[in-house]
Amino acid sequence: EFTARASFDMFSTINLGRLTRTADPDPASSDPADLAFCHEAMRGLAGLNDLLLQPHHRLLFALFGVKTALLRAFYEASDAAYARARALTDELLARADAGEAVTPLEANCYVVRAVRRPREQA
């Protein structure tokens, strides 16, 4: 689990300019919302792996509209992780666009640079 959390920290830092510290052994060093974000992202990815290995869950949904427990858990985790990622992205971009203080890490993260690049080229 440490490796998965360290990967999540690295991904968050590169994409959002936010070091979540979810891999830190001391849970008090992390924001509880970031720990929940990491947990839901890992749960969603684990569910995706299970769905890839057990395609009958997707077939039941595609053919008959039946959501198995595995499929429901995958959607719940993915939706929760997406909601947190979206909120963090929107908040970061709002601050950056308003000219509010962003850290150097945030100013150079993927999300900010990807949004600014087309604006600067126009």
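This is a short talk on one predicted model, covering its first two helices, its core, its aromatic pairs, its cysteines and one loop.

I'll start with helix α1. It has 15 residues, and from its first C-alpha to its last it reaches 20 Å, close to the 21 Å expected at 1.5 Å a residue. Which residues of α1 are buried? They are F8, D9, S12, T13, N15 and L16. The cover over them includes α2, α4, α5 and α6. Just after α1 comes G17, which takes a positive phi of about 65°.

Next is helix α2, residues 32-53. It has 22 residues and reaches 32 Å from first C-alpha to last, close to the expected 32 Å. At the start of α2, a side-chain oxygen of D31 comes to within 2.9 Å of the backbone nitrogen of A33. The buried residues in α2 are D34, F37, C38, E40, A41, G44, G47 and L51. Look at that numbering with one general point in mind. An α-helix has 3.6 residues a turn, so residues three or four places apart point the same way. What covers the buried residues of α2? The cover includes α1, α3 and α4. So α2 is listed among the cover of α1, and α1 among the cover of α2.

Now a closer view of where those two helices meet. How many aromatic pairs does a search of the whole structure find? It finds three. One of them is F8 with F37: the ring centres are 5.0 Å apart and the planes stand at 85°, so the pair is edge-to-face, the cut-off for that being over 60 degrees. This pair links distant parts of the chain, with F8 in helix α1 and F37 in helix α2, 29 residues apart. F8 has a relative accessible area of 9%, so it counts as buried. F37, at 8%, is buried as well. Elsewhere, ring pairs join F61, F74 and Y75 into a cluster.

A41 also sits in helix α2. Is A41 buried or exposed? Its relative accessibility is 19%, and buried means under 20%, so A41 counts as buried. Setting aside residues up to four places away in sequence, A41 touches F8 and A81. The C-alpha atoms of A41 and D9 are 12 Å apart, while along the chain these two residues are separated by 32 places.

That brings me to the core. The largest nonpolar core has twelve residues: F8, L16, F37, C38, A41, A81, L88, L92, L93, C109, V111 and V112. Which elements give two or more residues to this core? They are α1, α2, α4 and α6. Helix α4 gives the most, with four residues. L16 is a useful member to look at on the screen. Leaving aside its neighbours within four places, L16 is in contact with F11, L88, T89, L92, E106, C109 and V111.

Two of the core residues are cysteines, C38 and C109. In general terms, a disulfide is a covalent bond between the sulfur atoms of two cysteines. How many disulfides does a search of the whole structure find? Zero. For C38, the nearest cysteine sulfur is that of C109, 18 Å away. The cut-off for a disulfide is 2.5 Å, so this pair does not qualify. C109 is likewise in no disulfide. C38 has 0% relative accessibility, so it counts as buried. C109, at 1%, also counts as buried.

Last, the loop between α1 and α2, where I'll pick out R21 and S30. R21 is found in this loop. It has a positive phi of about 60° although it is not a glycine. With a relative accessible area of 43%, R21 is partly exposed. S30 lies in the loop between α1 and α2 too. At 8% relative accessibility, S30 counts as buried. What does the side chain of S30 reach? It reaches the backbone oxygen of R21, at 2.4 Å. Not counting residues up to four places away in sequence, S30 touches T20, R21, T22 and L35.

To recap: F8 in α1 pairs with F37 in α2, both residues belong to the largest nonpolar core, and the side chain of S30 reaches R21 in the loop between those helices. That is all I have.

Conventions
Residues numbered from 1 in each chain as written. Predicted model: local features only at pLDDT ≥ 70, side-chain atom pairs only at ≥ 80, totals over all residues. Heavy atoms only, no water. Buried < 20%, exposed > 50% of the residue type's maximum accessible area, 1.4 Å probe, protein only. Expected span 1.5 Å × (residues − 1). Contact = heavy atoms within 4.5 Å. Polar contact = N/O pair within 3.5 Å; in protein donor to acceptor, adjacent residues only side chain to side chain. Phe/Tyr/Trp six-rings, centres within 6.5 Å; stacked < 30°, edge-to-face > 60°. Core = buried A, V, L, I, M, F, W, Y, C linked by side-chain atoms within 4.5 Å.
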